[in-house]
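Please look over the structure below. The report takes a sheet and its cover, then a patch on the surface.

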Amino acid sequence: MSRIWNFSAGPAALPEEVLRQAQEDLLDWHGAGCSVMEMSHRGKEFMSIIAQAEADLRELMGIPEQYKVLFLQGGATQQFAQIPINLLAGRSADYIVTGSWSKKAYKEAQRIGNVRCAATTESSGFTRLPVAEEIKLDPFAAYLHVCTNETIHGVEIPAERIADTGVPLVADMSSHILSRPVNVEKFGLIYAGAQKNIGPSGVTLVVVHRDLLGMAPLNIPTVMDYAVMAENGSMLNTPPTFGIYIAGLVFQWLKRQGGLSGIATVNAKKARILYSAIDDSDGFYTNPVDPDCRSAMNVPFILGNADLDAAFLAEAKAAGVLGLKGHKSVGGMRASIYNAVSLEAVQALVAFMNDFAKRNG
Ligand SMILES: *Cc1c(COP(=O)(O)O)cnc(C)c1O
């Protein structure tokens with residue numbers, strides 16, 4: 001068996017230890033005589049799995065008592081609608097647009113109600129964060145929405161730049177959740193599709209302050225109502241049981257890595273060596289993002305000579321390095337270096353990039 005060096009943007013690499021554990025448990029989970037996929041979500045076995053997953057997540061992120069943890073379905077994209085459906089309550093909300101994902105969230109919210117764009121960096125090609133003077137906030141907004149890591153453009157908001165604005169902050173953290181310590185209390189609601197840094201696709205994590213529950217109009221579908229989901233412990237209906245189980249294994253793996261500060265140290269090192277390889281390549285590779293907001297998780301880069309793109313990808317593949325093709329909307333390359341992508345994997349990528357540049361520069 002040989003595993004690739006996997007830089008896919010999502011679904012993405014999972015820790016090998018987690019996959020091995022899942023393999024070991026697959027036919028008979030802890031003596032239950034069946035797989036997690038085959039057991040009732042209301043039985044004591046699965047109830048223990050979801051309770052442990054929530055407890056481990058609370059410990060990792062330091063989630064206070066007054067926040068609910070929901071394991072939902074529908075992906076981050078469903079949250080683009082579910083958030084305004086639940087939180088607008090006839091008011092308006094502000095969106096800061098810093099890349100494709102926050103733009104999509106803003107557009108989807110426009111279908112639901114009254115929302116404003118408080119700032120956008122689209123005219124700069126989504127390569128920077130807006131400066132304070134560019135951000136026009138409505139002090140009466142129901143919430144302010146941000147995407148703290150733009151997966152396609154590789155723009156990440158540094159933790160120290162997440163400021164209190166006086167309205168609940170709602171954050172799409174899909175592609176960098178659990179990659180660094182987070183102060184949950186700064187946020188009203190945090191959400192993330194699982195398939196980047198949590199586990200398999202099909203699980204969507206929502207961490208929501210209880211003050212934001214119960215504001216939804218009465219005529220919305222029950223499965224869309226956060227308050228109903230919270231009251232039912234994410235089990236109004238059948239939750240994505242196998243995905244929650246794998247997410248739970250990932251949380252335990254993260255605890256063994258020293259929690260979020262432990263993994264953040266490794267992530268910073270991975271990002272440093274990859275950005276250095278790009279910046280030190282004399283323009284063979286370039287990354288267009290302002291150095292003060294470059295993502296530690298998604299590293300887009302272009303080759304100075306785009307005619308070499310196909311050869312770059314083919315030779316990378318031959319070297320066992322996969323998942324580097326950039327998003328179709330921006331082209332070029334992108335290396336996603338999520339938690340489960342090891343330092344060794346990034347070193348293999350950098351060695352390949354240096355060698356390719358040497359041969360083609
Ligand atoms: C991948 C991604 C999404 C979309 O997630 P789905 O689970 O496919 O709906 C939304 N926001 C961000 C930041 C993402 O990286």
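## The open sheet

In this predicted model, 3 strands form an open sheet. Their order is S11-S12-S14, and the pairing is antiparallel. Strands S11 (285–286) and S14 (333–336) stand at the edges. Each has a single partner strand, so one side of each is left without a neighbour in the sheet.

## Pairing along S12

Strand S12 covers residues 298–303. Toward S11, 2 bridges make the antiparallel connection. Here Thr286 stands opposite Ile302 of S12.

Toward S14, S12 is joined by 4 bridges, again with the strands running antiparallel. Phe301 has Met333 in S14 as its bridge partner.

## Cover over the sheet

Helix H7 spans residues 259–279. The helix lies across S11, S12 and S14. H7 runs at about 15° to S12.

How many residues of S12 are buried? The count is 5 of its 6, and S12 is mostly covered. Buried here means under 20% relative accessible area.

## A nonpolar surface patch

Away from the topic of the sheet, the surface carries a nonpolar patch formed by Leu26, Leu27 and Met37. Together these residues have about 330 Å² of accessible area.

Leu27 sits in the loop between helix H1 (16–25) and helix H2 (44–61). Is Leu27 buried or exposed? Its relative accessibility is 72%, so Leu27 counts as exposed. The cut-off for that class is over 50%.

How values were computed:
Residues are numbered from 1 along each chain as its sequence is written. This is a predicted model: local features need pLDDT of at least 70, side-chain atom pairs count only at pLDDT 80 or more; totals for chains, interfaces and linings use all residues. Side-chain values use heavy atoms; hydrogens and water are left out. Patches are made of residues with over 30% relative accessible area and no salt bridge: like charges are joined within 9 Å, nonpolar side chains (Val, Leu, Ile, Met, Phe, Trp, Tyr) within 5 Å. Accessible areas come from the Shrake-Rupley method with a 1.4 Å probe; for residues, only the protein chains shown count as cover. A salt bridge is a side-chain nitrogen of Lys or Arg within 4 Å of a carboxyl oxygen of Asp or Glu. Buried means under 20% relative accessible area, exposed over 50%, partly exposed in between (1.4 Å probe, protein chains only). Two strands pair if DSSP finds at least two bridges between them. Contact means heavy atoms within 4.5 Å. Axes are lines fitted to C-alpha atoms, for helices over the stretch in contact, and angles run from 0 to 180 degrees between N-to-C directions.
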